[in-house]
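Here is a short report on some annotated residues and on one helix. Keep the sequence and the structure in view as you read.

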Amino acid sequence: MKENLLLLADAYKYSHYKLYTPGTSKIYSYLESRGGLFPETVFYGLQYYLKEYLEGQAFTRQDVDEAEAVMKGVFGRKDVFRRENFDYILEKYGGRLPVRIKAVPEGLAIPVHNVLMTIENTDPACFWLTNFLETLLMQVWYPNTVATLSREVRKTVTKYFEATADDSSRGAIDFVLNDFGFRGVSSVESAGLGGSAHLLSFNGSDTVLASRFAQRYYGAKAVYGKSIPATEHSIMTLLGPEGEKQIFRHVLDAYPEGLVACVSDSYNIFRAVEEYWGGAFKDEILKRQGTLVIRPDSGDPVMTLLSVFDILFAKFGFTTNTKGFRVLPPQVRVIQGDGVDHESIPLLYDALKEKGISAENLVLGMGGALLQKVNRDTQKFALKCSYAEVAGKGMDVRKQPTEMNAEGKLVASFKTSKAGRLKLVKEAGKYKTIAQDERLDLEDVMEVVFENGEIRKSHTFEGVRERAQKN
């Protein structure tokens, strides 16, 4: 059931129509990443919020009735929620929201400290509506941040492939980082948003909903999230330690061809690799038309991986690629899914590189660290008013906090916001934010994507992916 839009705002927002200076007729606000972990932010996910919550008739008379009852309970008084504000939109616009939203094309990676989106009311009577929608629209921070994180991991992985793997293996990068995050997120909506954000940079995913989400909200023409048959510990421990070898036997019989992954640390990963995979089943594995992907799932990731690779190289042999690094036979690979996050990935590949092991031997699974171990401050997202009109006069608006640092000195805050109507331009290959009336020779990168209840610009998932991987 679709949520009531009129209940998707912070409670204090309902009082703002009274608190804005009398005579206010325009509120113009902008979204930016004020810094954070990564130097750029991939813009993604706004189209979902527009289609799911804002497009067309955004609310009904019944929604207003429900909101009125709920907000009376929230405030314990009748003079805060003003149903006439919403009735006005229903009567004049049929419930279509009189706002205009501009945004950068989804998939673009924009340096932090730049405008990504603007929103303003198109009806002077609805000046309060601009920032009433902040609570909902601010949630775009989440798919932006996951898309950014996934893209940064791809950059890291690519660096190690370029250093240690043959150029012919470059296509394998698409499947190096696999999304294992559905069970670790706080909602189904997060799985769809975050999971599809990951698919802008990689194809490996066990979050099936992500592919469907991309089709439903971005018209994806294909299923982008790919996976393979794989075991879990409930399968591997069913016959106890004495039956583990029998389970391994069954795994190979169940999928005699193609890719199959097997978690192998249920009891002793080193025995499993040496005695079972590299011993009893070695010849069969080397004859397979496909790849067995062995999964350690506990212990120190670096030390465990290095020991596992030592055993695998000793048992299965290896070739040396054109860059002088060892590569297992194509029938054997390793996936690390435990303790994987943005900080640990370079450590893993550095350790392999130091031991002369090519990056192409290893793929990764990332769960909560990909879809859940982020927050709004990862990239320091904020939506702030930068322009207003009061009593018919336009004025630039900004906040300029003075704060005390750890040494007890007063300094300007990083939270200082931008002022005026803004545009994002690209000059000499670099993005920068300037005033809307500056450099009229430079086109605004932002486009009108929503106006008065209608989506003015839609993006395809293919187009978003192309931009995310190109820039």
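## A three-residue annotation

UniProt, in an unreviewed entry, gives the annotation "binding site" to Arg183, His233 and Arg295. Arg183, His233 and Arg295 also belong to the lining of the largest pocket. The model is predicted.

Start with arginine 183. It sits in the loop between β6 (177-179) and α8 (188-198). Is arginine 183 buried or exposed? Its relative accessible area is 80%. The cut-off for exposed is over 50%. Arginine 183 is therefore exposed.

Now take arginine 295. This residue is in strand β8. Its relative accessibility is 22%, so arginine 295 counts as partly exposed. Which residues does arginine 295 touch, beyond those up to four places away in sequence? They are Thr231, Cys262, Val263, Ser264, Asp265, Ile269 and Ile335.

## A longer list

A second "binding site" set comes from UniProt, again from an unreviewed entry. It names Asp206, Arg295, Pro296, Asp297, Gly337, Asp338, Gly368 and Arg376. These residues spread over 171 residues of sequence. They are spread in space too, with up to 32.5 Å between C-alpha atoms. From this set, Asp206, Arg295, Asp297, Gly337 and Gly368 help line the largest pocket.

## Proline 296 and arginine 376

Look at proline 296. It lies in the loop between β8 (292-295) and α14 (301-316). Its relative accessible area is 1%. Buried means under 20%, so proline 296 is buried. What is in contact with proline 296, leaving aside its neighbours within four places in sequence? The contacts are Ile269, Thr304, Leu305, Val308, Val334, Ile335, Gln336 and Gly337.

Arginine 376 is in the loop between α16 (368-371) and β13 (381-390). Its relative accessible area is 37%, so arginine 376 is partly exposed. Not counting residues up to four places away in sequence, arginine 376 touches Met138, Trp141, Phe381 and Ala382.

## Asparagine 178 in strand β6

Find asparagine 178 in strand β6. With a relative accessibility of 13%, asparagine 178 counts as buried. What does its side chain reach at 3.4 Å? It is the backbone oxygen of valine 176.

Asparagine 178 has other neighbours as well. Leaving aside those within four places in sequence, it is in contact with His198, Gly204, Ser205, Ile335, Val363, Leu364, Gly365 and Met366.

## The two sides of helix α11

Helix α11 spans residues 244-254. Its residues Glu244, Ile247, Phe248, Val251 and Leu252 are buried. Why do the buried residues of α11 line one face of the helix? Look down the axis of α11: they fall within an arc of 140 degrees, so they share one face. A general rule helps here. An α-helix has 3.6 residues a turn, so residues three or four places apart point the same way.

Turn to the face of α11 that points away from the buried side. Here you find the exposed residues Gln246 and His250. What covers the buried residues of α11? The cover includes α10 (233-236), β7 (260-263), α12 (269-280) and α13 (282-287).

Technical notes
Residues numbered from 1 in each chain as written. Predicted model: local features only at pLDDT ≥ 70, side-chain atom pairs only at ≥ 80, totals over all residues. Heavy atoms only, no water. UniProt positions renumbered as here; feature names shortened; annotations may be inferred. 1 Å grid on protein atoms, 1.4 Å probe; cavity = no way out; pocket = protein on both sides within 12 Å on 5 of 7 lines; lining within 4 Å. Helix = DSSP H or I, 4+ residues; strand = E, 2+ residues; numbered from the N terminus. Buried < 20%, exposed > 50% of the residue type's maximum accessible area, 1.4 Å probe, protein only. Contact = heavy atoms within 4.5 Å. Polar contact = N/O pair within 3.5 Å; in protein donor to acceptor, adjacent residues only side chain to side chain. Arc of directions from axis to C-beta.
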